[in-house]
Amino acid sequence: MFKKHVKKLSFFSIILCHLGFLAAILFENQNNIFVSAFIILSLILLFVTYKKTPLNSVDHSFEHVLTIAFVFFGAIITYALSNSFGVSRVLSASLVGLIASFIPDLFKRSTFAQGMPTAVYCGAFVGMTNISVSTDYIIITIASATAGLLLVGTKDTFHGVGGKLGTLAFAGVVFAFLITSVISQWV
């Protein structure tokens with residue numbers, strides 16, 4: 001029962017993220033007919049994709065806790081490389097992703113090591129966040145935890161659909177930004 005709710009919540013979060021992103025594009029370019037046509041086409045394609053996506057629940061085990069940890073490490077390392085050492089964000093994410101891609105070759109018998117680069121690379125997308133959005137490591141920590149939870153929740157969803165890791169990272173950063181903004185208003 002819990003597994004099904006986690007899957008539905010993750011799926012619903014991604015739908016909200018996509019719709020919010022498309023609404024922001026439409027709001028910024030209200031007078032452009034090509035942008036409106038693009039939004040309508042995107043909505044149709046998203047509807048078809050969501051309709052064909054199965055919501056099978058999977059067993060969430062200790063392996064998934066490690067997946068969240070690897071998203072965190074990818075985010076922190078990328079963020080530190082770009083903000084503390086002056087390496088560009090794209091190069092930082094590329095280096096983290098490249099290094100993580102060699103891990104399965106070191107541990108060929110481990111089935112978990114085969115999926116670890118995906119989690120680290122999702123974290124690298126989180127770590128590419130602009131310094132004006134994430135002024136400290138707290139936002140990156142919250143964003144990477146959120147993206148990691150969404151990655152676990154959508155483990156067997158959206159295979160073959162491009163942009164899954166970037167969308168999860170975007171959702172994590174938006175959630176972290178909103179949470180820290182609300183908390184800073186109260187404090």
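Select Thr67 to begin: this residue sits in helix α3, residues 62-83; helices are DSSP runs of H or I with at least four residues, strands are runs of E with at least two, and both are numbered from the N terminus. The model is predicted, so local features need pLDDT of at least 70 and side-chain atom pairs count only at pLDDT 80 or more, while totals for chains, interfaces and linings use all residues. Residues are numbered from 1 along each chain as its sequence is written, and side-chain values use heavy atoms, with hydrogens and water left out.

Thr67 has a relative accessible area of 13% and is therefore buried; buried means under 20% relative accessible area, exposed over 50%, and partly exposed in between, with a 1.4 Å probe and protein chains only. Display its partners next. Setting aside residues up to four places away in sequence, Thr67 touches Phe112, Ala119, Leu151 and Val152, where contact means heavy atoms within 4.5 Å.

**Helix α7**

Two of those partners, Leu151 and Val152, appear among the buried residues of helix α7. Select residues 137-153 to show the whole of α7, whose 17 residues should span 24 Å at 1.5 Å a residue; the end C-alpha atoms are 24 Å apart, in agreement. The expected span is 1.5 Å times one less than the number of residues. The buried set of α7 also includes Ile139, Ile140, Ala143, Ser144, Thr146, Ala147, Gly148, Leu150 and Gly153.

**The pair α4 and α6**

Now select residues 89-101, helix α4, together with residues 111-127, helix α6. Their axes lie 9 Å apart and pack at an angle of about 170°; axes are lines fitted to C-alpha atoms, for helices over the stretch in contact, and angles run from 0 to 180 degrees between N-to-C directions. The two helices are therefore roughly antiparallel, a term for angles over 145 degrees, with under 35 counted as roughly parallel, 65 to 115 as roughly perpendicular and the rest as oblique. On the α4 side, the contact is made by Ala93, Val96, Gly97, Ala100 and Ser101; on the α6 side, by Met116, Pro117, Val120, Tyr121 and Ala124. These residues divide into eight nonpolar, two polar and no charged. Ala, Val, Leu, Ile, Met, Phe, Trp, Tyr, Cys and Pro count as nonpolar, Asp, Glu, Lys and Arg as charged, and the others, Gly among them, as polar.

**Three stops on helix α1**

Move to Phe11, in helix α1. Phe11 is buried, at a relative accessible area of 9%. Measure from its C-alpha to that of Thr157: the two residues are 146 apart in sequence and 8.5 Å apart in space.

Cys17 is a further stop in α1, and at 11% relative accessibility Cys17 counts as buried. Neighbours within four places in sequence aside, Cys17 is in contact with Thr167, Phe170 and Ala171. From Cys17 to Phe175, the C-alpha separation is 9.7 Å across 158 residues of sequence.

Ala23 lies in α1 as well, a helix that covers residues 2-28. With 44% relative accessibility, Ala23 counts as partly exposed. Ile39, 16 residues away in sequence, is 8.4 Å from Ala23 between C-alpha atoms.

**Helix α8**

Select residues 164-186 for helix α8, whose 23 residues reach 33 Å from first C-alpha to last, close to the 33 Å expected. Its buried residues are Lys164, Leu165, Thr167, Leu168, Ala169, Ala171, Gly172, Val173, Ala176 and Thr180.

**The whole protein**

Finally, show the full chain: the secondary structure comes to eight helices and zero strands. Of the 187 residues, 37% count as buried. Among contacts between residues at least 6 apart in sequence, 73% join residues at least 24 apart. The protein exposes about 11300 Å², of which carbon and sulfur atoms supply 72%; accessible areas come from the Shrake-Rupley method with a 1.4 Å probe, and for residues only the protein chains shown count as cover.
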